[in-house]
Structure formats: structure tokens, C-alpha cells
Amino acid sequence: MTNKTIKVDFLARVEGEGALYIKIKDNKVSDVKFKIIEPPRFFEAFLRGRKYTEAPDITARICGICPVAYQMSTVHAIEQAFGVSVEGQLRELRRLLYCGEWIESHVLHVYMLHAPDFLGYQDAMQMAQDYPDVVKRGLQMKKAGNAIVSLLGGREIHPINVRVGGFYKAPSKQDLGQLAEKLKWGRDAALETVLWTSQLPFPDFEQDYEFVALRHPTEYPFNEGRLVSNKGLDIAVQEYENHFVEEHIEYSNALHSVLKGRGAYFVGPLARYNLNFDRLSPLAKEAAQNAGLHSTCKNPFQSIIVRSVEVLYAFEEALRIIEGYEIPDKPAVEIHPRAGMGCACTEAPRGILYHRYKLSDEGLIQDAKIVPPTSQNQKVIEDDLRHYVEQATELPEDQLTWQCEQAIRNYDPCISCATHFLKLQIERE
Amino acid sequence: MSLPILLIGIGNEYRCDDSIGLHVIRALKEQKLPDTVIVESSGDGAELIEMLSSVRMAILIDAVSSGGNPGTIYKFDAHRQPLPTQLSFQSTHVFSVGEAIELARVLEQLPPILIVYAIEGENFSTGIGLTSKVEQAMQKVVEQVRGEVQNALKQIQTNSP
């Protein structure tokens, strides 16, 4: 058979539901569509007319997996509009909160969603029958991330303690000190995780990507930095919309984000790692190298190792912050609303998350724009599928479908952010 | 004194009928049932496993989409049967309620008593509020869960020395 169509109606283990459609003609891939079904702009409309103080709690609801990222991009953007800068221990607490979210999100993906692909299991339940201790380790690590978010955010999911200017309540040094033992255990477990993931079987697949991530003068990026790429992009976040555009795609209700005049780009752990390897801690660098990674990794399947390296970094960074913490005089800096526009990018677990707000002099939101990481990666996912399938068209259908789903999961797509349900389908005819 | 009974309402506030679990749990909270802990959850599987592993009895309330009539109430005893696969729990998390229960079963972390109430939703699009049939079902579920809790508490008292 020289012509076939691959269609997968339901992609398991992706946040939400999506659809994938691949058409193969004469053993060449003639069409790839990675569809996102639902119109995404509810939250942007929902924010209009709301007070700036409500925004962090509303945007936190966009995604159950990365509420902190939404809150962080929200508060930074609004603070920029109001001309406020949050420094010192409050800034450190924000980084700590982000550590918690990276741990929760990455560990979930590594252990529960992605690892089963590599080991040939349908899901984590099947995997747990043969690897109960591994799955328990993953759950325990995630719990340590939850503990950070819970303590600092007020609760594990959809934290409510974040506000424009800082926090409603700052934890005491003693509060944070209680986390230390869990986090030290987590750091050791993360080292084991890096090693464990490095031993998984990886397809030989590399592409010439344009990686885009934040880069900060001294830190591995969470909340701040310039937007840089490995192909020469180096801009302030405020210039984002001069360089990136969202295109409406006929078969998808989400918008595809592209770099003007250059096309697809790659955001997320691999991009951060490749553009910020020198900003990792010595232990994280060493673990990466022991796992066989170099300072650049272009195989998206190895993103599972890179995620594990980032988890290790997050545990270490959390411990560093806790050790140096002193309770700030006030839990938040004073805010004086003023009319204006503000934008921010922060590094959500899945990559850069851009927010822009237009505010009135009373602090009412007049306009909001949100570009989630998954909609930025959508085009590069399609490109990967095209190239990956092209070298594997002879594979039996079930294997090819499996590998396509695995290739999509390399990006940990969070379709509930990009829209809600992503149905991934691969169909052959 | 036994461990408290855990009541977990699962849902997304901004996904219409998906929020039924949250609405039920809030109504139950107002009734101030004794010896119960009430939790709102977005359905994070790992979080659920952790919560379930530490209690004697739990009742989960969530929305489902199985093609049935909106407002239909399904009840499962998780120890009697695995959750039916045709019931799709409408979570934004793919590692979600059904999977969490099955994973907890594999890891032997299910509580001794686990009851799941699943309510067939109609509209899961972005927005606020329940559709009318789901709203009608809500009151029934609140009553049923309350009865469930009262029976369990009586049982515990009877069995206490």
C-alpha cells in the first residue's frame, strides 16, 4: 500500500484531548494536521472589565497543571504596567513557588505520562504493576513539589496566596525550614531519576530547531530574562509581539505561533537547557553529563532526561532559597494602579508563557492577551511528526501510531492551556 | 475515634457542568457534617492518591461524559469493580480520577471504603454554571452523600466498644 492516512482520534496521556491526522502518499508524508478543537479565547474575554487584583486567581484556573506559571506571568505583566518591581526575598519566594510547580509538573510527565511510552506500557497503571517502586518514587517526588506549592501558594492546586506585588502572606523561616528534609530527599531522588531516564531507549532523531527561551544574566530562568534563541534572536520581552505572531489555522481552533519570517520554534525544557546550560547548578550539570547529555540536546525524545535534570535543579534551587530566606518586612510591595500596558514572559514547565494586559487608571483590565507554550510548540510538533513519520512509513500501524503519540508527548503538550480538549488522532486508510 | 471521612469534589469551575463536583461539595460543607473532611480538587491524580491513602473512607464526586442522559447519577463502590472505561471523567488532567483510582489499587493504596459518585454532564465548554438537568441532579447527590456519611458514622459508632 503506497497511500494511507493515519488518524488517531484520541491521544491518551496528553493534557486535554487533541487530534492528529497524517496522510501518507507514495511513502511520503503529504499532510500533517495537529488539531486543537475548542475555541480558546474564553479567559481573555473573561478578564476584560475585571480588577487587576482578581487576575492572578482567574488565570490560575486556566490550567490545573501550571497555575503558578499563569499567576507569575500575570503579576509580572501587571507590575510592569504599574511601574513596580518586586525584589529581594519576595522575588526569591516567587522562584521557590516556581520550583514547586516545575517539580509537580515535570515529575508527573516523566513518571506517569512519558516513561510508559519508552517502556512499552499503555499507561502508568500497567507500568506500576512491574515497577511499583519507581512509580511510588515519582508520586513521592511530586508530593514534595506539592508541599512547596501548598505552603507558599495556600493550597496544592490553584494557589491563592499570590497577588500583584507579592503575596498575601509570607511564610516564616520556620515554615520553610519544615520543607528541607523532603526536598533533600527529593534532590537525591531526582539524581536517581536523571540516571533512570538516561537508560531508556531513545530513537535516533534530531532536527535543526530554533530554540527559544528566557535567558537571565545569572540564573537558570523562571521569571525574568531576555528572549533569546540559538539562531540569533535576542530581544526584551516587551518586543515579543514584534517578532512572534499567532496565525489562525483552518483545521484548528488554537492559534499557531510563529517567529515572523522564520516559522516554527521550540519552547520548553529542551530550549531552556540548550540556551542556559551554563546557568545550571554544578550538580545538575554533572548529572546531565553523567546521563550522556552534552550542553546541547537536539533529540526531543531525550526531553525526558532534560526534564529530570530540571527537576534536580528545582530541588536544589528550592533548598538554596530556603536556606537563605529571611521573612520580608511586608508580604507585598505597595501597588498604585495607573493606566498603561504591561507584558511579561515567564518559563512555565512547558515553555515561555506570554501575557499582555491593558489597564485603566483604576486598575481595570481592558484587554488581555495570553500565549501559552503549547500553542507556540504546535507547529514544531507537526514538523516533528512529518519528519519522524517519513522515516518510518513502513512500520506497522500500531507501532507508528504509538511512536507518533510518543513524539507528541515529547512536548508535554498542555492542551487545556492552548484550548481545552485536544483529541489526538492518527488514522490510516 | 476513627479517621475522618473524606469527601472530595472534583471539577473545573470554568467548565460549566465539569464543576458539579465542586457545587456538591460546597453544599455539603454548609451542612457541617461531623467527622468529615471536605476537599475541593481539580482532579490531579497524584494528589488524589495521596489523599486517599491516608483515610478510612472516601467519597469522590465528579462529572462524567459517557453519552448518557445529562443529570444521570452513577454510583460505584471502587472495591467491587474497576471504574467502567466507557465513563470518561472530564478532567483537564489526563492522569485523572479513574486512572488515579486504578493506580492506587495497583499500589495497594485504596482506602477500605471508596465510593464514587459520577454525574453525567451535558456542557463542558468554557463558562460558568450548571445546565438545568445537572443542577437538578446536584440536590439528589447532596442528599445521597449525606445519607452515606450518616450511615457510615452510625456503623462506626455501633462498632465502637
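What is the mean pLDDT of chain B, and what percentage of its residues reach 70 or more? In this predicted model, chain B comes out at a mean pLDDT of 86, with 90% of its residues at 70 or more. Within chain B the elements span a range: helix α1 (residues 20–30) of chain B has the highest mean pLDDT, at 95, while strand β5 (residues 88–89) of chain B sits at the bottom with 58. For the model as a whole, the scores are ipTM 0.80 and pTM 0.89.

Turning to chain A, the element count is 15 helices and 13 strands. Of the 429 residues of chain A, 55% count as buried. Contacts that link distant parts of the sequence are well represented here: if one takes the contacts in chain A with a separation of 6 or more, 74% of them involve residues 24 or more positions apart.

The largest nonpolar core has 165 residues, and those touching the most other members are I78(A), I148(A), V309(A), L312(A), L385(A) and V145(B). Helix α4 (residues 88–119) of chain A puts in the largest share of this core, with 14 residues. I78(A) is worth a closer look. Leaving aside residues up to four places away in sequence, I78(A) touches Y52(A), A55(A), V164(A), G342(A), Y357(A) and L359(A).

Next comes helix α3 of chain A, which covers residues 67–82. From first C-alpha to last, this 16-residue helix reaches 23 Å, close to the 22 Å expected at 1.5 Å a residue. All of α3(A) is buried, 16 of 16 residues, so the helix is largely enclosed by the rest of the structure. Just past the end of α3(A), G83(A) adopts a positive phi of about 70°.

One of the sheets that α3(A) meets is an open, three-stranded one in chain A, ordered β11-β12-β13 and paired antiparallel. Its edges are β11 (340–348) and β13 (365–371) of chain A; each has a single partner strand, so one side of each is left without a neighbour in the sheet. The twist averages 15° from one strand to the next. Between β11(A) and strand β12 (residues 351–359) of chain A there are nine bridges, and the two strands run antiparallel. Here C343(A) stands opposite R356(A) in β12(A). Two helices pack on this sheet. α3(A) touches β11 and β12 of chain A, and its direction makes about 150° with that of β11(A). Helix α13 (residues 373–390) of chain A touches β11, β12 and β13 of chain A, with its direction at about 130° to that of β12(A).

Chain A also holds an open sheet of three strands in the order β6-β7-β8, again with antiparallel pairing. At the edges stand β6 (212–215) and β8 (234–235) of chain A, and because each has a single partner strand, one side of each is left without a neighbour in the sheet. Strand β7 (residues 226–229) of chain A is joined to β8(A) by two bridges, the strands running antiparallel. V228(A) has D234(A) in β8(A) as its bridge partner. Packed on this sheet is helix α10 (residues 269–276) of chain A, which touches β6 and β7 of chain A and whose direction makes about 50° with that of β6(A).

How values were computed
Residues are numbered from 1 along each chain as its sequence is written. Chains are lettered from A and ligands numbered from 1 in the order in which they are written. This is a predicted model: local features need pLDDT of at least 70, side-chain atom pairs count only at pLDDT 80 or more; totals for chains, interfaces and linings use all residues. A nonpolar core is a set of buried Ala, Val, Leu, Ile, Met, Phe, Trp, Tyr and Cys residues joined through C-beta atoms within 7 Å. A residue is buried if 20 or more other C-beta atoms lie within 10 Å of its own, exposed if 12 or fewer, and partly exposed in between; C-beta atoms are placed from the backbone. Helices (H or I, at least four residues) and strands (E, at least two) are DSSP runs, numbered from the N terminus. Two residues are in contact if their C-beta atoms, placed from the backbone, lie within 7 Å. The expected span of a helix is 1.5 Å times one less than its number of residues. pLDDT is the predictor's confidence in each residue, from 0 to 100. Two strands pair if DSSP finds at least two bridges between them. Axes are lines fitted to C-alpha atoms, for helices over the stretch in contact, and angles run from 0 to 180 degrees between N-to-C directions.
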